[in-house]
Amino acid sequence: MSKLAWWQRGVIYQVYPRSFQDKNGDGIGDLAGITARLEYLATLGVDAVWISPVYPSPMVDFGYDVADYCAIAPVFGTLGDFDRLVAHAHELGLKVLLDFVPNHSSDKHPWFTESRSSRDNAKRDWYLWRDPAPDGGPPNNWLSRMGGSAWEWDALTGQYYYHAFLREQPDLNWRNADVRKEMDDVLRFWLDRGVDGFRVDVLWLLIKDALFRDNPPNPEFKAGEPDHHRQLQTYTEDQPEVHDIVRSMRATLDEYGERVLVGEIYLPVPQLVSYYGPNGDGANMPFNFQLIGAPWNAAEIARIVSDYDHALPLHAWPNWVLGNHDNPRVATRIGARQARVAAMLLLTLRGTPTLYYGDEIGMTNGVIPPDRVQDPAELRQPGIGQGRDPERTPMQWDGSPKAGFSSGVPWLPVSGGDSVNVIDQDRATSSMLTFYKRLLALRRSEPALVEGAIERVMAGANVLTYERHVGSERLFVALNMAGTDASIEIPQGTVVLSAMEGHEGKQIAGTTLLLAGDEGVVIRVSPES
Ligand code: NOJ
């Protein structure tokens, strides 16, 4: 196993810092809180923690609007707290990934304040400024991902600026060499402080069409979809020049040894895999979000798994994600019982898994009363289901009203749910948490699950099956993706893990197994089978 890098062997755990653990009682999670919970993460059995943005920010988009790339927001703590977090994580054998948000800054960032101050300011070209169209309107038809035009009029200098997201998040001009240099220094600032890698926000959006051409209409647009789906993003995403930037970020990380560059990229697989770079010199892992949007059935997942495996270039390392802070929780999407099957899938597929905080205890989407909505995506486009507060509710550490998250008033309401908390589940032998722990331990102890090939991916009725093997070690995985029993053909062997925990230790001598609804098994295949 030693030839693999730590991020290939390991499992990443995403922390949404506002919601993980509040230490100072202001109702908002903080760095000291994360540090206090690192032992929990080490015991859980993950290898790296990715922390969503903790930089100074007006928090209009909860930290994805950065006002200073080289500091810590007071609400989260100090640089000293950050250093303590990294040091303690490293003591425990955990890596730390930061969220790098290079596409846009906050409109309160001093760079933007300067840029908007006059047309001849030295930083004018750091952002995307354009003259109005002849009728005085926006320069072209580009739409914001948070609704409405992506162009904001600035009366002081008589030009518009571009923002792919909120108007408070102006896009930086990545064609400008000074911007690139400055951002490279930002990476180095954190690498010098010991971070082990970055998740890069909206990596595929960094470069826009040099000619600012209008995006064509999307013939498949359906009513109720977000506004920007009215258009194909032909000129606003996935531009060829972006790969140069990815390569240079990667080169910087490589100077620091074994670091990891993970890219947030929502693109179809053929385009997605180009972000590995032609020679493996791009992102180490362009996030693979296919399991988030997939229809949950065996045939569809089998197709996704096989197609992805075939599409990967030889040098590319796969990865899988079930949830994050921008998407409904997996246990809400597919139900509590299937969430166990999903966990088994995530942790037995080939490639690095990323877990979202709380999924290991089966947290579901929270219910947010209208007067407590926080997410700008919901506030600015109400009613179309884009709100992300439900998947950002506080981590449930215990069964008390504030779930052990905070002594103050939590910034989002705490969700309920019998026993959906760490303390209760730690005591129960068949809880989601103990199941996750056993899955993570199995993954660590079985080279086939980490470095093995994936083969024979098949869907029979509702059951997805595949094999992982390395050398003579073979593991067979069968996942019943429906609630009804199914009889399946299996190789001879011993069940090493079972989602419902009814089968473990069972020797399978015959060639068929009755797999209960929502059941999943990992079978160690006997050598003679
Ligand atoms: C992607 C982030 O994951 C999301 O939370 C954010 O709103 C946008 N990028 C803008 O930064």
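This is a short talk on the domains, one sheet and some charged pairs of the structure shown above.

Hi everyone, and thanks for coming. Please keep in mind that we are looking at a predicted model.

Let's begin with the domains. The domain assignment splits the protein into domain 1, which covers 6–105 + 177–440, domain 2 at 110–162, and domain 3 at 452–525. If you look for domain 2 and domain 3, their C-alpha centres are 57 Å apart.

Now let's turn to a sheet. It is an open one with 6 strands, and reading across it you meet E12-E13-E14-E19-E16-E17, paired antiparallel. Which strands stand at the edges? They are E12, residues 453–460, and E17, residues 507–508; each has a single partner strand, so one side of each has no neighbour in the sheet. The partner of E12 is E13, residues 463–470, and 6 bridges join this antiparallel pair. If you want a spot to find on screen, Glu-455 stands opposite Glu-467 in E13.

Two helices lie across strands of this sheet. Helix H10, residues 298–311, lies across E12 and E13, and runs at about 155 degrees to E12. Helix H12, residues 336–348, lies across E13, E14 (473–480), E16 (493–498) and E19 (520–525). The angle of H12 to E14 is about 155 degrees.

Just along the chain there is a residue I'd like you to find. Arg-350 is in the loop between H12 and strand E11, which spans 352–356. What does the side chain of Arg-350 join in a polar contact? The partner is the side chain of Asp-309, at 3.2 Å. Arg-350 also touches a range of other residues, including Trp-317, Trp-320, Gly-452, Ile-454 and Arg-468.

That brings us to charged pairs. Side chains of opposite charge can pair when their charged atoms come close. How many salt bridges does a search of the whole structure find? The count is 38. I've picked a few of them to show you.

Take Arg-116 and Asp-154, whose side chains meet in a salt bridge of 2.8 Å, N to O. Arg-116 lies in helix H5 (residues 110–117) and Asp-154 in strand E5 (residues 151–154), so this pair ties together parts 38 residues apart in sequence. Arg-116 is partly exposed, at 24% relative accessibility, while Asp-154 counts as buried at 8%.

The next pair sits within one helix. Asp-254 and Arg-250 meet through their side chains in a salt bridge of 3.1 Å, N to O. Both lie in helix H7, residues 242–254, and they are 4 residues apart, about one turn of the helix. Is Arg-250 buried or exposed? At 13% relative accessibility Arg-250 counts as buried, whereas Asp-254 is partly exposed at 40%.

My third pair is Arg-329 with Asp-359, where the side chains form a salt bridge of 2.9 Å, N to O. Here distant parts of the chain are linked, 30 residues apart: Arg-329 is in the loop between strand E10 (319–321) and helix H11 (330–334), and Asp-359 is in the loop between E11 and helix H13 (376–380). Arg-329 is buried, at 1% relative accessibility, and Asp-359 is buried too, with a relative accessible area of 4%.

Finally, here is a group to trace for yourselves. Asp-61, Asp-326, Asp-375, Arg-388 and Arg-392 are linked in a network of salt bridges. Thanks for listening!

Technical notes
Residues are numbered from 1 along each chain as its sequence is written. This is a predicted model: local features need pLDDT of at least 70, side-chain atom pairs count only at pLDDT 80 or more; totals for chains, interfaces and linings use all residues. Side-chain values use heavy atoms; hydrogens and water are left out. Domain bounds come from an automatic or database domain assignment. Two strands pair if DSSP finds at least two bridges between them. Contact means heavy atoms within 4.5 Å. Axes are lines fitted to C-alpha atoms, for helices over the stretch in contact, and angles run from 0 to 180 degrees between N-to-C directions. A polar contact is a pair of N or O atoms within 3.5 Å; within protein, one must be able to donate a hydrogen and the other to accept it, and residues adjacent in sequence count only if both atoms are side-chain atoms. A salt bridge is a side-chain nitrogen of Lys or Arg within 4 Å of a carboxyl oxygen of Asp or Glu. Buried means under 20% relative accessible area, exposed over 50%, partly exposed in between (1.4 Å probe, protein chains only). Lists of a residue's contacts leave out its neighbours within four places in sequence.
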